Amino acid sequence: LPLPVLGGVMLMVALGLADRWSGRLVARWWAGDHSRDLALGLGVVALVVGTMLWRGMAAGIGLGVLLSLLTFAVRMNRSLVRDRYTASARPSRRIYPEPLEARLRPLRNGIVVFELEGALFFGSADRIVEVADTLQGPCHALVLDFRRVSLMDASGAVVLSQLGRRLRDRGTRLLLAGVSPDNRHGRVLRQFVGAFYAADHGVADIDQAVEAAELSLLAQAGFDPLRQTVPIEQVDLMAGLDAAQRSHLAACLQPQRLASGEVLFRRGDPGDRLYVVSQGSVSVLSL
């Protein structure tokens, strides 16, 4: 074969043998995911590649197997529950009117958050149930933070389903922060537990999970901050103005209604408007 043809064949074979898993790791790092597990995975890849170039393929494969076993042992030996606290220590970022905040403040101890870390599999999943059984006092909601969960297998999904039923029997709501029907954890739950489990319990992040629990507590107490209306003359923007000034400012405002989930503005839009929320709620999200 002519050398250009042979070179092209070798190039196509090389592209076909490219490690897509390592490529996904690099893409996640480039996208801003600088977690310890991702850094460890990229470090193993770099060491294996360097050893292959230096000592040959056999040495690189041997080192890769050894490092994979060591990292697996380290991950499996982690304590699954990294931290625990109540919403009194770390409430959501939602701003409530002072009467509602005063009502909610003593109730936040009923919202418990477990920060998870590592793998949720057959060797560690029961740890969540054991820790959940130690909850004392009235617990309105248990939030499991999945930000640092590296993987979840079928046994972990089944244990979560069982935990949800046990908590429901106790009157406790289960929320999974960082789980959605379409992400990797949600797909595992859909496959082994059911199509609606992630949709029923999953929340985008820890802040929104705590916020959902707070709103549920207020609803149980007979308050619904999303339906309360604040007269435009009583909003903070009017503070310090006399009646004539308030009337003139109110006449300059134009009412605008939004449907649930509708986007009000996006990053980069011109800053040429001032919005006053008199009813409902607006969430500011970084997507």
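Me: How do I read the radius of gyration of this protein?

Reply: Set it beside the value for a compact globule with as many residues. In this predicted model, the protein has 26 Å, whereas a compact globule of 287 residues would come out near 19 Å. You can also look at the box around the chain: along the principal axes, the C-alpha atoms fill roughly 90 × 55 × 30 Å.

Me: What share of the residues is buried?

Reply: Here you go by how much of a residue's area stays accessible, and buried means under 20%. By that count, 31% of the 287 residues are buried. As for the surface, about 18,600 Å² is accessible, and carbon and sulfur atoms own 59% of that.

Me: What is the chain built from, and how many helices and strands are there?

Reply: There are 11 helices and five strands in the protein. To see how they come together, check how far apart in sequence the contacting residues lie. Among contacts with a separation of 6 or more, 72% are between residues 24 or more positions apart.

Me: Can we try one residue? Where is Val-193 found?

Reply: Look in the loop between α8 (184–192) and α9 (197–201).

Me: And why is Val-193 called partly exposed?

Reply: Because its relative accessible area is 28%, and partly exposed runs between the 20% and 50% cut-offs.

Me: Which residues is Val-193 in contact with, leaving aside neighbours within four places in sequence?

Reply: Those are Ala-157, Val-158 and Ser-161. From the same stretch of numbering you can pick Val-159: 34 residues along the chain from Val-193, with 9.6 Å between their C-alpha atoms.

Conventions: Residues numbered from 1 in each chain as written. Predicted model: local features only at pLDDT ≥ 70, side-chain atom pairs only at ≥ 80, totals over all residues. Heavy atoms only, no water. Helix = DSSP H or I, 4+ residues; strand = E, 2+ residues; numbered from the N terminus. Buried < 20%, exposed > 50% of the residue type's maximum accessible area, 1.4 Å probe, protein only. Contact = heavy atoms within 4.5 Å. Rg over C-alpha atoms; globule rule 2.2 N^0.38 Å. Areas by Shrake-Rupley, 256 points an atom, 1.4 Å probe, with all protein chains shown as cover.
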